[in-house]
Amino acid sequence: MAIARPTGESALRVDDGLKFIEGTGKLTPLFAPVEYGIECRRRGKSRQTEDMDDQLADGAERLFAAHAGKDVLHAAERGGFPEGLWRAVTEAGFAAALLPEEAGGFGTTTAEAARILQIAAAHAAPIPLGETMLAGWLIARAGLPVPPGALTLAPVRKGDKLTLRRLGGRWRLSGSASRIPWARHAAAIAVLAEADDEPRLVLLRGGGFTATPDLNLAGEPRDMITVDAQIEPDDVAHAPQGFGKAELRAAGAAIRTAQIAGALSRVLAMSAAYAQTRVQFGRPIAKFQAIQQNLAVLAGHCAAAMAASDMAAEALRGRSSPFFVGAAKARAGESAGIAAGLAHQLHGAIGFTQEYGLHHLTKRLWSWREEFGNEAEWNASVGRAALAAGPEGLWPALTAQ
Amino acid sequence: MAIARPTGESALRVDDGLKFIEGTGKLTPLFAPVEYGIECRRRGKSRQTEDMDDQLADGAERLFAAHAGKDVLHAAERGGFPEGLWRAVTEAGFAAALLPEEAGGFGTTTAEAARILQIAAAHAAPIPLGETMLAGWLIARAGLPVPPGALTLAPVRKGDKLTLRRLGGRWRLSGSASRIPWARHAAAIAVLAEADDEPRLVLLRGGGFTATPDLNLAGEPRDMITVDAQIEPDDVAHAPQGFGKAELRAAGAAIRTAQIAGALSRVLAMSAAYAQTRVQFGRPIAKFQAIQQNLAVLAGHCAAAMAASDMAAEALRGRSSPFFVGAAKARAGESAGIAAGLAHQLHGAIGFTQEYGLHHLTKRLWSWREEFGNEAEWNASVGRAALAAGPEGLWPALTAQ
Amino acid sequence: MKANGAQADASQALAFTAPPATSPGTEALRKEVREFLACELRGRDPSLGARSWSGDDPSFSRKMGARGWIGMTWPKRYGGHERTALERYVVLEEMLAAGAPVGHHWIADRQSGPNILRNGTEEQRLTILPRIAAGECSFCIGMSEPDSGSDLAAARTKARQVNGGWLVNGTKVWTSGAHRADYMILFCRTGAISELDRHAGASQFLVDMREARRNGLTVRPIIDLRGAHHFNEVILQDLLLPPDALLGKEGDGWKQVTAELALERSGPDRFLSSFTLLVEAVRALGPDAPERAAVAIGRLTSHILALRRLSRSVAGMLQAGEDPALQAALVKDLGNVLEQETVEALRLLFDLEPSEQPGNPPLVAMLGHLILTAPSFSLRGGTREILRGMIARGLGLR
Amino acid sequence: MKANGAQADASQALAFTAPPATSPGTEALRKEVREFLACELRGRDPSLGARSWSGDDPSFSRKMGARGWIGMTWPKRYGGHERTALERYVVLEEMLAAGAPVGHHWIADRQSGPNILRNGTEEQRLTILPRIAAGECSFCIGMSEPDSGSDLAAARTKARQVNGGWLVNGTKVWTSGAHRADYMILFCRTGAISELDRHAGASQFLVDMREARRNGLTVRPIIDLRGAHHFNEVILQDLLLPPDALLGKEGDGWKQVTAELALERSGPDRFLSSFTLLVEAVRALGPDAPERAAVAIGRLTSHILALRRLSRSVAGMLQAGEDPALQAALVKDLGNVLEQETVEALRLLFDLEPSEQPGNPPLVAMLGHLILTAPSFSLRGGTREILRGMIARGLGLR
């Protein structure tokens, strides 16, 4: 594998991004009840393939419905890790959804991985699924073996860096990085480290770092890690070609976009259902035109976020510019806030209770829209690209995907 | 009168602004049917004073109702000047509302002048009333005699300048300035000219400039003037103390704020009335909750703009910083666009016809919100001041007026 | 948009399928259209681009017809070209993005032609569709009436069967382009008013405007707030239509008009009407614009990208024979909001006073034009409130 | 907001009078409050300011009471200070702007005390009002029920007159602070349900919470989405209230509660709940923030200035004995929109991840707090939809 320097923070390119479906042959079923091979998946967006997608989706839906119920969510908010859910997700192969086959993956497309993430998010599943998918992919792409268990990534905040130094024949990783998703539960962290010569991918295993607990608004771990550890040479590799901090941020943004879209679809469904149940002034509030108009707006945001999620998944798959990933995160992030506000307005006081489940979704929306770049950051980046394209180049840029 | 350099464009101060009610004694009635003296007006916001305000407002309302009807508005859109309306307004003393008594004014307060402007705007009166008020005030403040007839101001655009040079014992004014309100109909223009030493106020009389016609969206003249004229020494004075381009822009913004508020109040009234008249699906659209909710939003914007107008008038009266004028123009400008959109949405196709009067108001709103600085410009200025005030100084700054 | 679990049903009605994939064929077509436009629009006053699909130019339409870009998906025997919905979509969006003057054939291509293709007699198809496809035949829509705007079922214009055809009386209003159109598709009552079924007893007619003007139809201009003439009042006084003017089945008018409205709402013209202004703003700002401008431009760009994906999905569903009426309503609503926000967001990036007067720079003129017209985008083709009501019904609320 | 001409009537109902002028007296009071706050809040964790008037601190309330800043406008014989509405307004807005922990006495000062003053017996006034004014007595509002949120007339809790008083049965919900309050003002039915007049047969009662808890009243916590305990369910099971617990006249409950709601909506607490975040953002941005930040900060500032003027106008109308219920509804609606927009606008000026966890900087913590609570601002004290419906009624639409 040829190694190149990353092209710098401003040139957001995931050129040879998350596409790796090169192998052939039969695969271990992704989720036990679903039997299908990779061949039919390769023919693109035929009707048959969509049926396959639906089968995968149904399986995921059943899994999360069974393992990510109310008690699991409440326990996670109180600080526990849902071992049962995580085991089920791992056994179903979801955590390996972005791995190339030679690293234990199943040849899932990015669209399918995004679909799984949407469904997990619709259930507010309190697990590092997206992080594990992405970290695994990154580790595999760097040519290192992907360890079992929950994985995550570092650094995720713009100012943070972890520095790798060679001391004799040995490596030492040091520094600290904040807001690392699920660090306290991670078996290993895929660290994009700054080294003297070029960025390196370090497989930082559990025990090599300390995690100071912090949380996002939904109670998902976002820990500060502190590292000053000796790293085995086998756990260091060149970063994948063209993959730097900017690419990591874009890939994380794509994950969060899928999650936002999934959570929003459930927020819409819950809101529509609640409006038909809740009676005020002698009739279900669904019969009030103001509620109807607001729910229609909510549906619009949900559709837009879903389109954004698809766009981000597609951008990661092909050779497209992260222009599309950034636009997707910005668009979905905007919808996340507006839709969460509309849903709470519709639900009234009940929506603010711990007991009713809406907040598991809305608190995630309010967190995820900031993580890996908020609307302002990504819109600025997209806008800068649009301005650089100029009046003649803008439309061609928009239609490139 | 002491003369000082203006404090520069960024320091928006109208410190000893539009306050000049220094005289006493009986006055010529402002509008024939209304008889009242200045004494009762001086006591501040007593109930009695408010009654006086109402009398003034009723008189203005009657005048514009009588002289600014549909035909007058349509004729003005086709390029004519409403001589009859202008004569009535002049005879009522409205055009002199901001003049000090010694210059032929009536000791009107800035709040009363703003009220007259609101009412004129509510009738979409196609006359340079605000411009004549302000230009007259400026000319009088500079110590020059205020000529009769319609007046206006120049320059009004940030990039434009008119240069005054002394040639021997004579003055020569030259340059061009765009978007000068009503220039083609002005008897004279109050020009804030750039001179070698300090800003001068030039009374540029008709004949001294050529006006190339241009219009705003409502068909109000916004002409390009070109000047290369010899100016009599009697028509040149030092600019009023502390009054530079920035102060001129703020004063113009205050005028437009009052006009926006007035036009909005009429847009609200027309919209509420139309909703009660228009029947769809078997009942007046006023009975649909979506219409009701939108009209309530419209009413909120109308109230906010009215508050902004009062704030601007108050800021011009006292020693307050133009911080408040800028905030007022920005707030009213934002409401102008939103409210115009809501009103058109409610009216449907009829609102887009020449025949129905709504557009006379909305096209003015869409024009006035840009003139003398749009929301972005003034919000930037207000925000800069807020940031300069800092965390400890922000609230004191907000409560200074 | 697949919802999950027990609460899934409501939003399934609003599911969007993945848009059809581009192919070398579609992209070659795109290139061809761009070359055509580069040539045809060379030297044009750029501010005309703000008129978008309201810009009327019969000669441009004829050229498009000659290229085979009107009636693209129709059968060849009716002058069509049997191309895919996605290919048609490529041509439409390229035209709109360039602000090409497609108004002369737009309504005919978008809804009147497809209506005739679906419901017309063979003779009606053979007579009219080839002329539309050639860009030589323009249509207007005879739907709204003075007391029937959003509430189309309240239409009172009535056609009575008589010897020799149908005798029509009534008044249509807000009829865009009636003064120029070759044909109108007239929606009116042919049966009794039923309070039980407000949608019963309506029919559509194909009105030859030239014939009709000699025969009881009067077109009266309605001047708009820009002083322009687009709208008309169309008065039908004892207008005698021949028997074969009936379009589709007598009494099927509501069903037909509903399908027509779905087409009217489904295209990229519902989110790209302000796009040329964005292009002009990018030109005026330049690459080194301040961050505030970059964020605003980026936001509009991000919204366009998401909408374009949804809009292409609707095109794909039409191609697949599905009924994306709800999806189209949703995309139109989102699109109209975006078109209006584009104008409001971009004006705040400049210190200028919008004006359509001659002599002003393109950006000033385009802003002037769009400030005055954009508020109508959420009225034409179905008001925001009506569309949102449809979406709510799709969610199971009504 | 005076409308003009024949169409004026509709908006006259929503007219705002000029706010009362400040005086040396009000400004001296303002200075006094600022000095008090500078001293009292010195060294406090700034992020606590985001709690605004939800922050509860009995000792702070007692200090305010000692200063004469609670029950300011009430007669002296009830512990009040006979000051003007504008003076009271100055104290309120200064407290809110500083994010002072005024929650312990807020409800009592805002609405319960005035309700007792207006409708209570002399004994009720003498017993309770001085304790409120001293900052020693907190109230909760027993209005909402499980099936009666916005639709207050649907309340089913019932008080039946019995020997020795009133026997109450029912359930109240979302009762903020019921677990800490000394008193609740209970809204319930005392007469038959009438379909003709849904507002008939309701009354208010003054419930001594300590007594009542021994007597059939149970407070059950409802944990909110932040994991905090503010809300409660209050179950009334054969609660026996003494005869003198009746507040005002039997059957006048609806009238009284409507007046109470007007007070609940009328104050600066309805537009300043996010103000401390703006202050923190100004601190974090510094004077050289980019233009985008200046525009955003300026916009919020401009909105606050206009709202403050409208809000002071409402205070003046209350002082003048007018009934500004509609104006209060309008200001609350505008204010809630602003409070929510403040959070949304400011977060986009920073690259941060909001979190209420200990150890995070104030801005991060305050954003976290307000993101989670601001959506409730347009619910508490009357939902956005209810308020807009009231305004529409004021415009003559309903």
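**Exercise 1. How many bridges join strand β3 of chain B to strand β7 of chain B, and how do the two strands run?**

Bear in mind that you're working with a predicted model.

Step 1. Find the strands: β3 covers residues 170-181 of chain B, and β7 covers residues 222-231.
Step 2. Count the bridges and check the direction. You should get nine, with the strands running antiparallel.
Step 3. Pick out one facing pair: B:Pro181 sits opposite B:Arg222 of β7(B).

**Exercise 2. Work out the strand order of the open sheet in chain B that has four strands, and say why one side of β2 and of β6 lacks a neighbour.**

Step 1. Read across the sheet: the order is β2-β3-β7-β6, and the pairing is antiparallel.
Step 2. Look at the edges. β2 (161-167) and β6 (209-212) of chain B each have a single partner strand, so one side of each goes without a neighbour in the sheet.
Step 3. Check the turn between neighbouring strands of this sheet: on average it comes to 10 degrees, ignoring direction.

**Exercise 3. Describe the side of chain C that touches chain A.**

Step 1. Start with the contact itself: 48 residues of chain C meet 51 residues of chain A.
Step 2. List the elements of chain C that give two or more residues to this side: α1 (9-12), α9 (275-285), α10 (291-319), α11 (325-347) and α13 (384-394).
Step 3. Find the main contributor. That's α10(C), whose 15 residues make up the largest share.
Step 4. Sort this side of chain C by residue type, and you get 28 nonpolar, 11 polar and nine charged.

**Exercise 4. Now do the contact between chains A and D.**

Step 1. Count again: chain A brings 30 residues and chain D brings 30.
Step 2. On the chain A side, β9 (279-280), α9 (323-347), α10 (358-368) and α11 (375-398) each supply at least two residues.
Step 3. That side of chain A splits into nine nonpolar, 12 polar and nine charged residues.

**Exercise 5. Track down some unusual backbone geometry in chains A, B and C.**

Step 1. Recall the usual picture: most residues other than glycine have a negative phi, and most peptide bonds are trans.
Step 2. Go to A:Ala154 and A:Pro155, where the peptide bond is cis with omega near -15 degrees. A:Pro155 is in the loop between β1 (151-154) and β2 (161-167) of chain A.
Step 3. In chain B, B:Ala154 and B:Pro155 are also joined by a cis bond, with omega about -10 degrees.
Step 4. Check phi at A:Trp182: it's positive, about 60 degrees. This residue counts as buried because it has 23 C-beta neighbours inside 10 Å.
Step 5. C:Asp238, in strand β7 (residues 229-241) of chain C, has a positive phi of about 50 degrees. With 11 other C-beta atoms within 10 Å, C:Asp238 is exposed.

Methods. Residues are numbered from 1 along each chain as its sequence is written. Chains are lettered from A and ligands numbered from 1 in the order in which they are written. This is a predicted model: local features need pLDDT of at least 70, side-chain atom pairs count only at pLDDT 80 or more; totals for chains, interfaces and linings use all residues. Two strands pair if DSSP finds at least two bridges between them. Axes are lines fitted to C-alpha atoms, for helices over the stretch in contact, and angles run from 0 to 180 degrees between N-to-C directions. Two residues are in contact if their C-beta atoms, placed from the backbone, lie within 7 Å. Ala, Val, Leu, Ile, Met, Phe, Trp, Tyr, Cys and Pro count as nonpolar, Asp, Glu, Lys and Arg as charged, and the others, Gly among them, as polar. A residue is buried if 20 or more other C-beta atoms lie within 10 Å of its own, exposed if 12 or fewer, and partly exposed in between; C-beta atoms are placed from the backbone.
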